[in-house]
Amino acid sequence: MDIVGNVLPQVLKDEATEDKGEMARLQSFVGAIAVADLVKTTLGPKGMDKILKPTGPGQEMTHITVTNDGATILKSMYVENPAAKILIEISKTQDEEVGDGTTTVAVLAGELLREGEKLIQKRIHPQHVIAGWRIARDVALKRLRDISSENDINSQEFHDDLVKIARTTLSSKLITSDRDYFADLCVNAVLRLKGSSNLDYIQIIKLPGGTIRDSYLDDGFILKKQITIGCKRRIENAKILVANTAMDYDKIKIYGTKVKVNSMDKVAEIEAAEKEKMKHKVDKILKYQPTVFVNRQLIYNYPEQLLADSGITVIEHADFEGMERVAAATGAEILSTFDAPERAAQVLGHCDLIEEIMIGEEKMIKFSGCKKNEACTIVLRGASTHILDEVDRSIHDALCVLITTVKNKRVVWGGGNSEMQMAAACEEEAKKVQGKQAFAIEAFARALRQIPTIICDNGGYDSAELIQNFKVELQKGNQNCGLNMTDGTIGSMSELGVKECLRVKEQALMAASEAAELIMRVDDIVKCAPRKRERA
Amino acid sequence: MSLAFDDYGRPYIILRDQGQKKRMKGLEAYKSNILAAKAVANTLSSSLGPKGMDKMLVSPDGDVSVTNDGATIVEKMEIQHPTAKLLVELSQSQDAEIGDGTTGVVVLAGKLLEQALTLLDKGIHPLKISDGFDRACDVAIKHLETISEEIDIQANEHEALIQAACTALGSKVVSKRKRELGKIAVTAVLDVADLARRDVNLDLIKIQTKTGGSVEDTRLISGILIDKDMSHPQMPKEVKEAKICLLTCPFEPPKPKTKHNINISSAEDYKKLYLQEQQYFVDMVKLVKDSGANIALCQWGFDDEANHLLLQNELPAVRWVSGTDVELIAMATGARIIPRFQEITPEKLGKAGSVKEVQFGTSNERMLVIENCQCTKAVTILIRGGSQMIVDEAKRSIHDAICVIRNLIKDNRIVYGGGSAELACAIQVLQYADEVSSVEQYAIRSFADALEGIPCCLADNCGLNPITSVAQAKARQLQESNPRIGIDCMELGTTDMKEQRIYETLSSKKQQIQLATQVVKMILKIDDVIAPDDY
């Protein structure tokens, strides 16, 4: 405050606010913990879902989302608290980096801060807390890596691991009852990629109708388009030309052109020239001798008719992603010029069979027996679009985790095993450390243990008893014990087949501790005056 | 508001719209200015030193950033008070000139103003105060030079540079990995440094951020990383022995800038124009291909047809490369930037060992790495971290470290940190004060007090008792005539900063004291503030 007794001059802008010291810290803790509490009920196999209802005018008002996915929930929330925003940010990063564990990361960061707040109340300086957390994090990470195991990528064990991981990921989602079915489906899809991590090749088609059980993996490639009328509906041994070219009258791109004529004859002449130009292009295409022509852009009636007359099946308006997939699957090159028919063998894609199929009420085009067999399609069925969207997100999570596992290969036991192990490691370390940091290391252990605790609570079990029993089991040297969420007991994870990907756990641990550290270091929050928005 | 009167005693108005303006003058103006500037300095003072805290800043659009960097904090606070703004500029000029010590300079200015306030209360004229500060500043700078030490930057695998970088990184959120990051920064700077001329062009170090992973995953790439991918999905993902053609013209039909019309009046014209158009693309690709290039980087876009022709001619290409990247690539690969297709010649191509596409995470984001460039004088530091806020802060921290290393390469004299240099100067200034027989003596003595404020503030932030620890350090400096005694912030058990190896560059310290003194002098000279009333 001012020593002289004058009113302190206003330094910041009118609506800007500044909170210092305890007030700033309180604000961060409250915000971060609130966010963590919000998503924590979705954690684990017995976690609940959330309904997200958008605000704002228009039709979107009615479009609600039902989800269990942490990143989706957090992304759609509008929060003002800056610390809460940091938590949302790490959840998003987790989603981009590994695809799963988005709830865990936010909850872990929240729990760390909850423990941190208690330490601050005990008058321990934030820097000491951070110093302790840093030691704890390293210890936890080391233990996590130590307990992970690795199997050869081609072995049956690795395949089993993948199925188990997929099952674990899916068990917290809507489709938990059919998780075995979907786990197999996802693993098969990922293994087709043969180590490549390009998720684009796995196409997910959502069609309302039927039940979730009716979903299936199609080893061919399905394009959500229709074959133009008047063409063959079934082509065997297809030679496919994939193009991204204008098949309308193909306007001249040279800048500033304009047609100016002085008689009707000339108009007719130019019209003829236009037609000739189109025909010319079609002729060039025909030289490649394709049996199927797929174009990203629209095709005018005239060239379409010309192509159909030559017995070529025409598919127009394929979207860009679809095109890339078709090209990748059939081994075709995406053409935009057609002056080198001698390269036809290289540029044309090939597949054994193209046919129009009906899924539910919709007509689709299926390419099967493709040259490169990497691409595949997962067709999802379900009673409503909300269910389909949620299944889509779940499958996406599972696919991401599987791809990460294929890259990283290391796995750990699930069911809270890794968190309990890390917590135990931290507690052992805390006994060796001198100084106040030890409190923070213990706090880190408690925060880690909160994850299995919350999973228990969400399942309606007695978490205090279960977690204590869990500790004892671990102490006995039972390395693969974990929570059995069907019976509410401590069981063997190797018997239950609950595994998780190391990379996901690693990333969650590192991101959460980094974020908690970041928030802990803040002792001053300056909020600038909000930008004035003109109503349009 | 003051009024003037004419010969007949009628009041008249001097300022335009006088009624709507606010005016402060005399002592009131001094005090208000000083208090405003001090408020800013106070906010920053808790960020000083290795145990300093961070600030969370929410922008007008609601974006959050968390930082420890003084220049960034004051910039993002959006300060509106005119005198407080001077401190913002002070911090920014330190950032522009030195790159590090942006917090320290503001805190020092704050301490000086605090002292000025008590001197004003004693009734000393502001100009006398500023004169005194000026003389004290000269003494302090001279003393800094005498206590500075030259270090051998080459010795022991650049150990001294790494230590200096660690000192700069020590106060940041990334301090846990300061050694690794320090090494990265040192290697990066040495890679691009021109040791003969003792100069470093910082443009050659590109800092690219990408969320995901953790700060540990930050690495140095001896090449350039650009956030782009190949223009056609089927182009090869890697080009070895790359010969790079760097274009700043689009693969599109020409668009003359003069407004014009091409009139088509017959079918012949129409056909001719069509052929002409086709020819353009063929020619363009041919020109590039003929020069022997095996990859084309272009600042502009491609037409679909051109794109395919490039693929067909097995010429991988990248479009929409940003202007700064184009320049960087040109410097690194020795390529000449080519503004017209006609001017492509084999000599103008740049060479690099490989150009390849790398992928991150699950979201299919790809970047291009250009490695082993012909003139390897460009490096990229790829920063990873758990969230956007972390990588942003890491970027600022690494920038600070890089600046420190550059300064050391330019001038290898250092002083020791931990407040020891400030204390040594304070002692010297105090001695000098006794020799001055005029009113300035008081100001000079106050200057010494202000300098002591820095170690005081450091000790405070570290949870030590500021007065006791500063008094102890000062006493030991005098007894042992050892200017390296400072505050033991990290509780390592020694107050000798040489043993703790806390290095700060002489240029940065000098600049801090000079800039802070200058700004304080400027603020002390203001005796009248006229501003619109709605402030």
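These legends go with several close-up views of a predicted model.

Residues are numbered from 1 along each chain as its sequence is written, chains are lettered from A and ligands numbered from 1 in the order in which they are written, and side-chain values use heavy atoms, with hydrogens and water left out. Since the model is predicted, local features need pLDDT of at least 70 and side-chain atom pairs count only at pLDDT 80 or more, while totals for chains, interfaces and linings use all residues.

**View 1. Chain B as a whole.** Here is the backdrop for many of the close-ups: chain B has 16 helices and 22 strands. Helices (H or I, at least four residues) and strands (E, at least two) are DSSP runs, numbered from the N terminus. The C-alpha trace of chain B spans about 95 × 80 × 40 Å along its principal axes. Of the 535 residues in chain B, 59% are buried. Buried means under 20% relative accessible area, exposed means over 50%, and partly exposed is in between, using a 1.4 Å probe and protein chains only.

**View 2. Helix H13 of chain B and the glycine after it.** H13(B) runs over residues 440-461, and its 22 residues should span 32 Å at 1.5 Å a residue. The expected span is 1.5 Å times one less than the number of residues. The end C-alpha atoms of H13(B) are 32 Å apart, so the two values agree. Look around the helix too: 17 of its 22 residues are buried, so H13(B) is largely enclosed by the rest of the structure. Just after the helix comes Gly463(B), with a positive phi of about 80°.

**View 3. A trio of phenylalanines in chain B.** The structure holds six aromatic pairs over all chains. Rings of Phe, Tyr and Trp (its six-membered ring) pair if their centres lie within 6.5 Å; planes under 30 degrees apart count as stacked, over 60 as edge-to-face and the rest as tilted. Phe251(B) and Phe302(B) make an edge-to-face pair, with 5.0 Å from centre to centre and 80° between the planes. Phe251(B) sits in the loop between strands S12 (238-247) and S13 (262-264), and Phe302(B) in the loop between strand S14 (295-298) and helix H9 (304-312), so this pair ties together parts of chain B that are 51 residues apart in sequence. Both rings belong to buried residues: Phe251(B) has a relative accessible area of 0%, and Phe302(B) comes in at 7%. Ring pairs also bring in Phe341(B), giving a cluster of Phe251(B), Phe302(B) and Phe341(B).

**View 4. A salt bridge across chain A.** A salt bridge is a side-chain nitrogen of Lys or Arg within 4 Å of a carboxyl oxygen of Asp or Glu, and the count comes to 66 over all chains. In this one, the closest N and O atoms of Lys206(A) and Asp389(A) are 3.1 Å apart. Lys206(A) is in strand S5 (residues 202-208) and Asp389(A) in helix H12 (residues 385-408), so the bridge ties together parts of chain A that are 183 residues apart in sequence. Lys206(A) is partly exposed at 29% relative accessible area, whereas Asp389(A) counts as buried at 19%.

**View 5. Salt bridges in chain B, and a network.** Arg396(B) pairs with Glu393(B), the closest N and O atoms being 3.1 Å apart. Both residues lie in helix H11 (residues 388-410) of chain B, three residues apart, about one turn of the helix. Arg396(B) and Glu393(B) are both buried. Elsewhere, salt bridges that share partners join Arg137(A), Asp138(A), Lys176(B), Arg177(B), Glu180(B) and Glu216(B) into one network.

**View 6. Helix H8 of chain A and its surroundings.** Met264(A) lies in helix H8 (residues 264-287) of chain A, and counts as exposed at 65% relative accessibility. Together with Val259(A), Val261(A) and Val267(A), Met264(A) makes a nonpolar surface patch of about 350 Å². Patches are made of residues with over 30% relative accessible area and no salt bridge; like charges are joined within 9 Å, and nonpolar side chains (Val, Leu, Ile, Met, Phe, Trp, Tyr) within 5 Å. Accessible areas come from the Shrake-Rupley method with a 1.4 Å probe; for residues, only the protein chains shown count as cover. In the loop between H8 and strand S10 (292-295) of chain A you'll find Gln289(A), a residue other than glycine with a positive phi near 50°. Gln289(A) is exposed, at 55% relative accessibility.
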